[in-house]
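Me: Please take one part of this structure and go through it closely. Then work outward to what surrounds it, and keep it brisk.

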Amino acid sequence: MSAGGGASQRRDSEISFATRRRLFLVSGVVLAALMVWALGGMPGFGDYHGIYGLLLNRVAVPEEHATNVITAVNFDYRGFDTLGEEFILFASVLGLALILRERRDEEEGPPDDDATGRQVSGASAAVRLITVALVGPTVVLAVYIIAHGAITPGGGFQGGVIAATALLLVYLGGEYLALRRLRPLPLVEITKATGAAAFVLIGVGGLIFGAAFLENFLPKGTAGDVFSAGTMQPLSVAVGLEITGGFVLILSEFLDQTLVLRRRRGARSR
Amino acid sequence: MSFAPFAVAIWIFLVGLYGVVTSRHLVHLVISLSVVQSSTYLLLLGIGYRTNGAASIFVDIPPNTKAVDPVVKALTLTDIVVGATVTALLLALAVQAQKRFGTVDPDELDPLRD
């Protein structure tokens, strides 16, 4: 890759920025041409005839008593895929916590120090009031979205992310450090782990009371009720717990980086 | 028949790829990558669309209404969740790069550096 090496300002072995861009423009045009060519072989927009999806649209309501067919796909027909998806999330949150762990040359600064340094960007009284007032409705909305996953648009994934934004509201209001002293981090971790474990246990329940892993073994109720669609609603709550825990953990790891972790005085610069 | 949504997906993909290739900041690179990924949402939803189809949620519409494909929608949901966590993980790596090497310019990061 030394085609444009002479023009490099940084290191001899690297290709320069301009060369890299030229190289991309050439290959990008080729790639675009190939993709546009592939368009010819695509089914026309609005002309989809995949039989599996059409079938699910017909049978999800009478069979599983779930009016939201997407949730029925996620938590029932393809529930095993969602289990995998959940553990991708679990593993990446774990990895994130590991990458952002406290390094040897870092220490947690005392909150008082941070409070003085933070006065520059302190939130005004209006922002503080609005954000604190919005935390309650946000959590209520999240619970509503999670609880109606099998009925209307929503479910554990969407509701969990909404619940985690409550933490961001607290941060916007400038109350993060105050919250951090109260924040029960082990509880957040337990919430996340409980969500992950509950999903598997409900799946095992299908194995015990039904015929297969993740089989819908609970009574299915009336379609459109909150307590309907069998195991879908408990699974939605389990995913909601895990997503809430996971995203609160992600957000607080990043917020800790900006607000709390300080380089130890006299430590090496690298 | 229209191919516009697919063409837009191709456009978003290429724009994001351009951002990745020419990036000079790790955070910019990660955001460019999520732009690339958002083209897949459009592609998936575009494939599953049926002309005049309703959303596949049968709360207040008759059960045999023509509706769009639910499977690609579920796939898109998975796509978004995985995308969000991958973005978070990559941003964490960017934070570590800044701490360890004092730079977030991909060109200045040398794989053989201590």
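## From one helix to the chain contact

Reply: Start at the end of a helix: α7(A) is followed by Gly174(A), which has a positive phi, near 75 degrees. The model is predicted. Every value here is computed from it.

Check the helix itself. α7(A) runs over residues 156-172 of chain A, which makes 17 residues. At 1.5 Å a residue, the expected span is 24 Å. The C-alpha atoms at its ends lie 25 Å apart, so the expected and modelled spans agree.

Is α7(A) enclosed or open? Twelve of its 17 residues are buried, so the helix is largely enclosed by the rest of the structure. The buried set begins with Gly156(A), Phe157(A), Gln158(A), Gly159(A) and Gly160(A). It goes on with Ile162(A), Ala163(A), Ala164(A), Ala166(A) and Leu167(A), and it ends with Val170(A) and Tyr171(A).

Now the chain around it. Chain A holds ten helices and two strands. Along the sequence, they follow the order α-α-α-α-β-α-α-α-α-α-α-β. Of the 270 residues in chain A, 32% are buried. Take the contacts in chain A with a separation of 6 or more: 71% of them join residues 24 or more positions apart.

Move to α3(A). Nine of its nine residues are buried, so by the cut-off of 20 or more other C-beta atoms within 10 Å this helix is mostly covered. They are Val69(A), Ile70(A), Thr71(A), Ala72(A), Val73(A), Asn74(A), Phe75(A), Asp76(A) and Tyr77(A).

What does α3(A) meet in α2(A)? First the geometry. Two packed helices are described by the angle between their axes and the distance between the axes. The axes of α2(A) and α3(A) come within 10 Å and cross at roughly 70 degrees. That angle makes α2(A) roughly perpendicular to α3(A). Then the residues. From α2(A) come Leu56(A), Asn57(A), Ala60(A) and Glu64(A). From α3(A) come Val69(A), Ala72(A), Val73(A), Asp76(A) and Tyr77(A). By class, this contact has six nonpolar, one polar and two charged residues.

Two α3(A) residues stand out. The largest nonpolar core has 63 residues, and Ala72(A) and Val73(A) have the most contacts inside it. The largest share of this core, twelve residues, comes from α3(B). Leave aside residues up to four places away in sequence, and Val73(A) touches Leu56(A) and Arg78(A) on chain A. On chain B, Val73(A) touches Pro70(B), Val71(B) and Ala74(B).

That leads to the contact between the chains. Chain A gives 47 residues and chain B gives 45 residues. Five helices of chain A each supply at least two residues of the side that touches chain B: α1 (17-39), α2 (51-64), α3 (69-77), α4 (79-99) and α10 (232-259). The largest share, nine residues, comes from α1(A). By class, this side of chain A has 25 nonpolar, 14 polar and eight charged residues.

Next, single residues. Thr85(B) lies in helix α3 of chain B. Thr85(B) is buried, because 23 other C-beta atoms lie within 10 Å and the cut-off is 20 or more. Not counting residues up to four places away in sequence, Thr85(B) touches Ile88(A), Leu89(A), Ser92(A) and Val93(A).

Gly46(A) lies in the loop between α1 and α2 of chain A. With 15 other C-beta atoms within 10 Å, Gly46(A) is partly exposed. Setting aside neighbours within four places in sequence, Gly46(A) is in contact with Tyr49(B), Arg50(B) and Thr51(B).

Turn to loops of chain B. Asn52(B) sits in the loop between α2 (26-48) and α3 (70-101) of chain B. Asn52(B) is exposed, because 8 other C-beta atoms lie within 10 Å and the limit is 12 or fewer. Its phi is near 60 degrees, a positive value in a residue other than glycine.

Last, His25(B). This residue is found in the loop between α1 (4-21) and α2 of chain B. His25(B) is partly exposed, with 14 other C-beta atoms within 10 Å. Apart from neighbours within four places in sequence, His25(B) is in contact with Val104(B) and Asp105(B). His25(B) and Val35(B) are ten residues apart in sequence, and their C-alpha atoms are 15 Å apart in space.

Definitions and conventions:
Residues numbered from 1 in each chain as written. Chains lettered and ligands numbered in written order. Predicted model: local features only at pLDDT ≥ 70, side-chain atom pairs only at ≥ 80, totals over all residues. Helix = DSSP H or I, 4+ residues; strand = E, 2+ residues; numbered from the N terminus. Expected span 1.5 Å × (residues − 1). Contact = placed C-beta atoms within 7 Å. Nonpolar A, V, L, I, M, F, W, Y, C, P; charged D, E, K, R; others polar. Axes fitted to C-alpha atoms, helices over the stretch in contact; angles between N-to-C directions. Parallel < 35°, antiparallel > 145°, perpendicular 65-115°, else oblique. Core = buried A, V, L, I, M, F, W, Y, C linked by C-beta atoms within 7 Å.
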